[in-house]
There are 2 protein chains.
Amino acid sequence: MAPGRHDRDSVTTLALALLDRVGLPDLSMRRLAAELEVQPSALYWHFASKQELLAAVADRILSRIPEPDPGTDVAPIAVGIRDALLAYRDGAEVVMSTYALRLGARRAQDALQTVIGDDASADALFEFILGHSTLVQQRMHAQSIGATTDAADDPTAELDAVFRAGIRAFTTLSSVTDQRS
Amino acid sequence: MAPGRHDRDSVTTLALALLDRVGLPDLSMRRLAAELEVQPSALYWHFASKQELLAAVADRILSRIPEPDPGTDVAPIAVGIRDALLAYRDGAEVVMSTYALRLGARRAQDALQTVIGDDASADALFEFILGHSTLVQQRMHAQSIGATTDAADDPTAELDAVFRAGIRAFTTLSSVTDQRS
DNA sequence: ACCTGAACACCGTTCAAGT
DNA sequence: ACCTGAACACCGTTCAAGT
């Protein structure tokens with residue numbers, strides 16, 4: 001990175017790359033500034049706060065979500081959202097921490113609402129995907145530290161079974177309510 | 001609080017009270033130490049790290065979950081878990097951050113697994129409750145700061161509709177699979 | 001057994017001033 | 001428009017030493 005001039009976009013890009021490399025606990029304004037060969041205070045010309053920077057990063061993460069062809073079923077959309085959240089280290093947690101601020105993140109719900117009739121169900125499914133993905137990434141981290149209580153923990157095997165069970169619940173629900181109407 | 005002697009239990013109790021009063025971002029080891037009228041380093045005689053302290057706090061939060069009478073239905077159990085997570089400020093986030101370490105938190109899944117046949121479905125339901133509760137508490141905080149993008153945001157009204165939609169999905173699933181067997 | 005004192009290596013943020 | 005320099009008010013953690 002040249003010591004030259006930056007803007008919101010380039011800072012966001014490098015923040016996302018740094019997140020993926022070091023994880024959320026080590027993504028500090030000071031470290032990001034060092035990576036940009038700039039003083040920490042320079043970042044506050046582009047973003048009002050770290051929160052605002054993380055919101056921009058969250059929007060980037062969610063931009064990976066593929067557009068839904070209307071009329072397809074729920075499962076591939078849900079998988080697409082999960083994969084976007086898991087594509088970068090601690091991605092789910094970043095999205096979760098900025099989701100309440102509503103700065104972005106409508107993209108995921110919009111995708112789900114086009115394939116699920118009921119909006120409340122679509123939001124609930126998104127909350128399941130977010131919770132699940134966050135726990136998956138946290139377990140990845142705990143495992144890399146070696147902080148597991150029980151031995152012989154098969155990593156992603158049963159995790160995917162839990163995810164599929166969640167998807168099944170919501171697809172079963174929408175097919176039942178479809179029959180009702 | 002007297003300046004006298006402490007143990008793990010008393011420190012955990014006051015940490016939980018402090019969490020409820022100031023929230024997770026302001027729950028620091030230094031502030032907790034000040035509340036206990038003790039030097040920050042004193043806390044490290046009782047807990048190896050802040051993580052370990054938070055795990056003890058998470059266990060406390062989950063201890064509020066009522067025992068399930070076997071044979072009752074899913075909804076009241078799910079509500080009981082949600083209420084335990086929402087009983088203290090940022091409680092859901094604390095549980096979420098220590099859940100991966102498996103230090104406690106089996107209590108919630110155990111309760112759900114006694115009323116739901118499939119273990120993967122029980123875990124998925126717990127992940128939905130955790131994700132949902134975390135977002136609810138984050139929105140509470142964002143609202144108290146006044147950092148909402150859109151105006152006139154009805155607070156807990158539609159939030160509960162989303163929760164009920166999630167519960168309905170999992171109860172519908174288990175009743176369908178019951179009929180199948 | 002439980003705590004103090006002092007230090008180490010960090011944080012996010014503000015703000016005058018530079019170019 | 002974009003950044004520097006310096007400061008403010010904090011962090012978690014370690015470790016020798018005290019009682």
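Me: At what angle do helix 8 of chain A and helix 8 of chain B pack, and how far apart are their axes?
Reply: The angle is about 100 degrees and the axes are 7 Å apart, with helix 8 covering residues 119-145 in chain A and in chain B. Axes here are lines fitted to C-alpha atoms, for helices over the stretch in contact, and angles run from 0 to 180 degrees between N-to-C directions. Helices are DSSP runs (H or I, at least four residues), numbered from the N terminus. By the way, this is a predicted model: local features need pLDDT of at least 70, side-chain atom pairs count only at pLDDT 80 or more, and totals for chains, interfaces and linings use all residues. Residues are numbered from 1 along each chain as its sequence is written, and chains are lettered from A and ligands numbered from 1 in the order in which they are written.

Me: Are those two helices roughly parallel or roughly perpendicular?
Reply: Roughly perpendicular, a label used for angles of 65 to 115 degrees.

Me: Which residues make the contact?
Reply: On helix 8 of chain A they include Phe128(A), Leu130(A) and Leu135(A), and on helix 8 of chain B they include Phe128(B), Leu130(B) and Leu135(B). Contact means C-beta atoms, placed from the backbone, within 7 Å. By class, this helix contact has eight nonpolar, four polar and two charged residues. Ala, Val, Leu, Ile, Met, Phe, Trp, Tyr, Cys and Pro count as nonpolar, Asp, Glu, Lys and Arg as charged, and the others, Gly among them, as polar.

Me: And the whole interface, how many residues are in contact?
Reply: 35 residues of chain B touch 35 residues of chain A. On the chain B side, helix 8 gives the most, with 14 residues. That side splits into 19 nonpolar, nine polar and seven charged.

Me: What turn lays chain B on chain A?
Reply: A turn of 180 degrees with a shift of 0.0 Å along the axis, giving an RMSD of 0.0 Å. The fit is by least squares on the C-alpha atoms of residues with pLDDT of at least 70 in both copies. The two copies are therefore related as by a two-fold rotation axis.

Me: Switching to DNA: which residues come nearest to strand C?
Reply: Ser28(A), Ser41(A), Lys50(A), Gln39(B) and Ser41(B), out of 17 residues around DNA strand C. A residue counts as near if its C-beta atom, placed from the backbone, lies within 6 Å. Helix 2 of chain A (residues 29-35) gives the largest share of that surface, three residues.

Me: What about strand D, which residues are closest there?
Reply: Gln39(A), Ser41(A), Ser28(B), Ser41(B) and Lys50(B), with 17 residues surrounding DNA strand D. There, the largest share, three residues, comes from helix 2 of chain B.

Key
Angles under 35 degrees count as roughly parallel, over 145 as roughly antiparallel, 65 to 115 as roughly perpendicular and the rest as oblique. Two residues are in contact if their C-beta atoms, placed from the backbone, lie within 7 Å.
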